[in-house]
Amino acid sequence: MALPALDPAPRDDILLDAYSTTVADAVDRIGPAVCRIERIGGRGGHGSGFVISPDGLIVTNFHVVGDARAVRVAMPDGTVDEGRVLGADPDTDIALVRAGGSFANVAPLGDSKRLRRGQIAIAIGNPLGFEWTITTGVVSALGRSMRATTGRLIDDVIQTDAALNPGNSGGPLVSSAGEVIGVNTAMIPGAQGIAFAVASNTANFVISEIIRFGRVRRAFIGISADTTNLPRRAALLSQVTSSTAVRLRSIEPGGPAAKAGLKEGDIIAAIDGRPVTGVDDLVRMLDAERIGRETVCTVLRRTGISRIAVTPVARAG
């Protein structure tokens, strides 16, 4: 009896064509919304940004706009206009600009929590003056921490090997689905294939705060953290439904977390009964409404589950 023939493996040229088409389609979708940004006044500098709404809201890096109150915005179609800096958050290196006019092309922010290592990552920007350059790579790692210009750690940072150079800052890191998954922000001089982007969920939080209040209001408990897997048994014991939580990497001496008894290595599964599925959740929950208000953290340790009350303070600066 003859065995059925096995399907031949896909040819390399077919796979490469599919990859090329996927990248080109994502670039066609997001590319027209990417702009070049130059400071007007203040110290000179330029970088990239991207339009997120038809009425001209543009996301970029804080270090791109710096101390400037106005910037020059150049679009791929040749349109050049002046934009007003609505607000900036040095702690996450995110800034929001309002440009005049209406924009048909926008770059939607995706959900960075759904990212997986190995996914395609596409960087679009204006490196070294070479306008609207495309580079590709993968999401190399998730949940990294990076120090901002203020000296504070930016949590939940995406690591990618898509090539970034000066001028890429503020431009979008794009998924194969054509959604912005991060805001390109830094590279490591001398390193090859190591660059970073602020996660889109963090950017989304900062944008909403700037739109509502003109600045980012935060409660501070004095921790550095990353996202970690939450075993099913631990989730059941802590009475949360999520499969991820937050592990504390370091505790600031004398801070609210240290005073409350939180320790390095603790896993926070919930705050006031609400699941904490990642660092972006933690950032979002520690808003100004919690300043001075007792906040109960559901904490997992090797010794069991504890509920520890922390009282956040206003974040200085």
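So, the lining of the second largest pocket: its residues split into 5 nonpolar, 9 polar and 4 charged. Keep in mind as I go that this is a predicted model. The volume of that second largest pocket comes out at about 370 Å³. Of the 18 residues lining it, the ones closest to the centre are Lys113, Leu142, Gly143, Asp156 and Thr227.

Which elements build that lining? At least two residues each come from β8, which is 133-147, and from β9, β14 and α6. The largest share is from β14, with 4 residues.

Let me stay with one of those central residues, Thr227. Thr227 sits in strand β14. Is Thr227 buried or exposed? Neither, really: its relative accessibility is 33%, so Thr227 goes down as partly exposed. If you skip residues up to four places away in sequence, Thr227 touches Asp156, Thr244, Ala245, Thr277, Gly278 and Val279. Asp156 you've just heard, as one of the residues closest to the centre of the second largest pocket. And for a sense of distance, Thr227 and Val299 are 72 residues apart in sequence, and their C-alpha atoms are 14 Å apart in space.

Okay, now the largest pocket. This one has a volume of about 550 Å³. There are 25 residues in its lining, and Leu153, Asp155, Phe220, Ile223 and Arg315 lie nearest the centre. The elements giving two or more residues to that lining are β9 (153-160), β13 (219-220), β14 (223-229), β15 (244-251) and α6 (279-285). By residue type, the lining of the largest pocket divides into 12 nonpolar, 6 polar and 7 charged. So if you're looking at both pockets on screen, β9, β14 and α6 are names to follow: they turn up in the lining of the largest pocket, and again in that of the second largest.

Next up, the sheets, and I'll start with the one that contains β8 and β9. Six strands make a closed barrel here, running β7-β8-β9-β12-β11-β10, with antiparallel pairing. Ignoring direction, neighbouring strands in this sheet are turned by 50 degrees against each other on average. Zooming in on β8 and β9, they run antiparallel and are joined by 5 bridges. For one specific pair, take Met146, whose bridge partner in β9 is Ile154. Helix α3 packs on this sheet and touches β9, β11 (180-187) and β12 (195-199), with its direction at about 45 degrees to that of β12.

There's another barrel, though. Here 6 strands close up in the order β1-β2-β3-β6-β5-β4, and the pairing is antiparallel. From one strand to the next, the twist averages 40 degrees. And α3 shows up again: this helix, residues 200-213, lies across β3, β5 (80-89) and β6, running at about 55 degrees to β6. So you can use α3 as your landmark, with β12 on one barrel and β6 on the other.

Let's walk through β3, residues 57-60. Strand β3 pairs with β6, residues 94-99, in the antiparallel sense, over 4 bridges. Within that pairing, Ile58 stands opposite Val97, and Val59 has Leu96 as its bridge partner. Strand β2, residues 46-51, also runs antiparallel to β3, and 2 bridges join them. There, Val51 stands opposite Ile58. The β2 and β3 hairpin has 5 residues between the strands, and Gly56 in it takes a positive phi near 95 degrees.

Where do the β3 side chains go? In a regular strand, side chains alternate between the two faces of the sheet. In β3, Leu57 and Val59 point one way, Ile58 and Thr60 point the other way, and all are buried.

Last residue for today: Asn61, in the loop between β3 and α2 (62-65). Why does Asn61 count as buried? Because its relative accessible area is 0%, and the cut-off for buried is under 20%. As for what surrounds Asn61, leaving out neighbours within four places in sequence, its contacts are Asp93, Ile94, Ala95, Ser169, Gly170, Val183, Asn184 and Thr185. Gly170 is a nice one to click on: 109 residues from Asn61 in sequence, but 4.5 Å away in space, C-alpha to C-alpha.

Terms used
Residues are numbered from 1 along each chain as its sequence is written. This is a predicted model: local features need pLDDT of at least 70, side-chain atom pairs count only at pLDDT 80 or more; totals for chains, interfaces and linings use all residues. Side-chain values use heavy atoms; hydrogens and water are left out. Two strands pair if DSSP finds at least two bridges between them. Axes are lines fitted to C-alpha atoms, for helices over the stretch in contact, and angles run from 0 to 180 degrees between N-to-C directions. Contact means heavy atoms within 4.5 Å. On a 1 Å grid over the protein atoms alone, a cavity is a set of points where a 1.4 Å probe fits but cannot get out, and a pocket is an open set with protein on both sides within 12 Å along at least five of seven lines; lining residues have an atom within 4 Å of a point. Grid points are joined across faces, edges and corners, and a volume is the space filled by probe spheres set on the points. Ala, Val, Leu, Ile, Met, Phe, Trp, Tyr, Cys and Pro count as nonpolar, Asp, Glu, Lys and Arg as charged, and the others, Gly among them, as polar. Buried means under 20% relative accessible area, exposed over 50%, partly exposed in between (1.4 Å probe, protein chains only).
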